[in-house]
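Here is a friendly round of questions and answers for anyone who likes to work from coordinates. Have a look at the structure first, and then let us go through it together.

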Amino acid sequence: SGGEIRAIAIRGKQSSETSRASFDVAKTKWKIHAVSSENPGSGEAAAKAIDDDPRTLWHSKWSGGTDPMPHSLTIDLGEALDIKGFTYLPRQDRVKGGILDRYKVELSRDGRKWVMAAEGRFDNIENDPTVREIRFERTFPRARFLRLTGLHSIEGKPHSSAAEIGLMTR
């Protein structure tokens, strides 16, 4: 269910500054419910966006042609959660292909009826490809499905990618 860990290092009478790490809900129950475009044979399948490994990534189809945007990735969270926001980590391999700068996020309790949760831009993501935390204007109670839709990429090509997608429930 997540939380915060605080730690210090102690050596004799000296101690370090406090380090903090925050964790949200674990992805152990998550699975990909639907994806509009992917390259599973390339090692860039949709499941890579929720594998907790920032070195892997989901990328929309690029081999043998491309699919037109928008591209969507739907995650079944495995349980109903009160969702306050989401996180997007762009690919971390210094390649710009598919890094999203415009997106929308929808939530659902049943995977059929969707509610718009957020739509916007990831400002300066090309120069600063770090994790983005997007808080919704309100909490969405008991949502089980999250759909991220890539509306535009920084390169202007019909590509979408994500190293990791996460939730904010705190």
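Q: Which residues are linked with D52 in a network of salt bridges?
A: Please keep in mind that this is a predicted model. D52 lies in the loop between β5 (31-35) and β6. Its side chain belongs to a network of salt bridges, and the other members are K27 and E164.

Q: Is D52 buried or exposed?
A: The cut-off for exposed is over 50% relative accessible area. D52 has a relative accessible area of 54%, so this residue is exposed.

Q: What is the phi of D52?
A: Most residues other than glycine have a negative phi. D52 goes against that tendency, since its phi is positive and the residue is not a glycine. The value is near 60°.

Q: Where is R94, another residue with a positive phi?
A: R94 is a residue other than glycine, and its phi is near 70°. At 83% relative accessibility, R94 counts as exposed. Its place is in the loop between β7 and β8 (100-108).

Q: Which peptide bond is cis?
A: Most peptide bonds are trans. Here, though, there is a bond with omega near 10°. The proline involved, P70, sits in the loop between β6 (58-59) and β7 (71-89). The cis bond runs from M69 to P70.

Q: How many salt bridges does the count come to?
A: Side chains of opposite charge can pair when their charged atoms come close. The cut-off used for such a pair is a nitrogen to oxygen distance within 4 Å. By this rule the count is 13.

Q: How many residues apart are E79 and K29?
A: E79 and K29 form a salt bridge, with 3.5 Å between the closest N and O atoms. E79 is in strand β7, whereas K29 is in the loop between β4 and β5, so the pair links distant parts of the chain. E79 is partly exposed at 27%, and K29 is partly exposed too, at 47%. Along the chain, the two are 50 residues apart.

Q: What is the N to O distance in the salt bridge of K96 and E126?
A: K96 comes from the loop between β7 and β8, and E126 from the loop between β9 and β10. These are distant parts of the chain, 30 residues apart. K96 counts as partly exposed at 40% relative accessibility, and E126 has the value 40% as well. Their N to O distance is 2.9 Å.

Q: Is R91, the salt-bridge partner of D93, buried or exposed?
A: The closest N and O atoms of D93 and R91 are 2.8 Å apart. D93 has a relative accessible area of 36% and is partly exposed. The cut-off for buried is under 20%. R91 has 7%, so R91 is buried.

Q: Which strand supplies the largest share of the largest nonpolar core?
A: In soluble globular proteins, nonpolar side chains tend to be buried together. The largest core here has 32 residues, and F86, Y88, F136, L146 and L148 have the most contacts inside it. At least two residues each come from β7, β8, β9 (114-121), β10 (132-153) and β12 (164-168). The largest share, seven residues, is from β7.

Q: Which residues of β12 does F86 touch?
A: Leaving aside residues up to four places away in sequence, the contacts of F86 include Y103, V105, F136, L146 and L148. Strand β12 covers 164-168. The contacts of F86 in that range are G166, L167 and M168.

Q: Which element gives the most to the lining of the largest pocket?
A: This pocket has a volume of about 610 Å³. It has 22 lining residues, and S22, F23, D24, T87 and L167 are the closest to its centre. By class, ten are nonpolar, four polar and eight charged. The element that gives the most, with five residues, is β12.

Q: Which strand gives the most to the lining of the second largest pocket?
A: The second largest pocket holds about 170 Å³ of space. Its lining includes L107, R109, R138 and F140, and by class it has five nonpolar, one polar and four charged residues. Both β8 and β10 supply at least two residues. The one that gives the most, with four residues, is β10.

How values were computed:
Residues numbered from 1 in each chain as written. Predicted model: local features only at pLDDT ≥ 70, side-chain atom pairs only at ≥ 80, totals over all residues. Heavy atoms only, no water. Buried < 20%, exposed > 50% of the residue type's maximum accessible area, 1.4 Å probe, protein only. Core = buried A, V, L, I, M, F, W, Y, C linked by side-chain atoms within 4.5 Å. Contact = heavy atoms within 4.5 Å. 1 Å grid on protein atoms, 1.4 Å probe; cavity = no way out; pocket = protein on both sides within 12 Å on 5 of 7 lines; lining within 4 Å. Points joined across faces, edges and corners; volume = space filled by probe spheres on them. Nonpolar A, V, L, I, M, F, W, Y, C, P; charged D, E, K, R; others polar.
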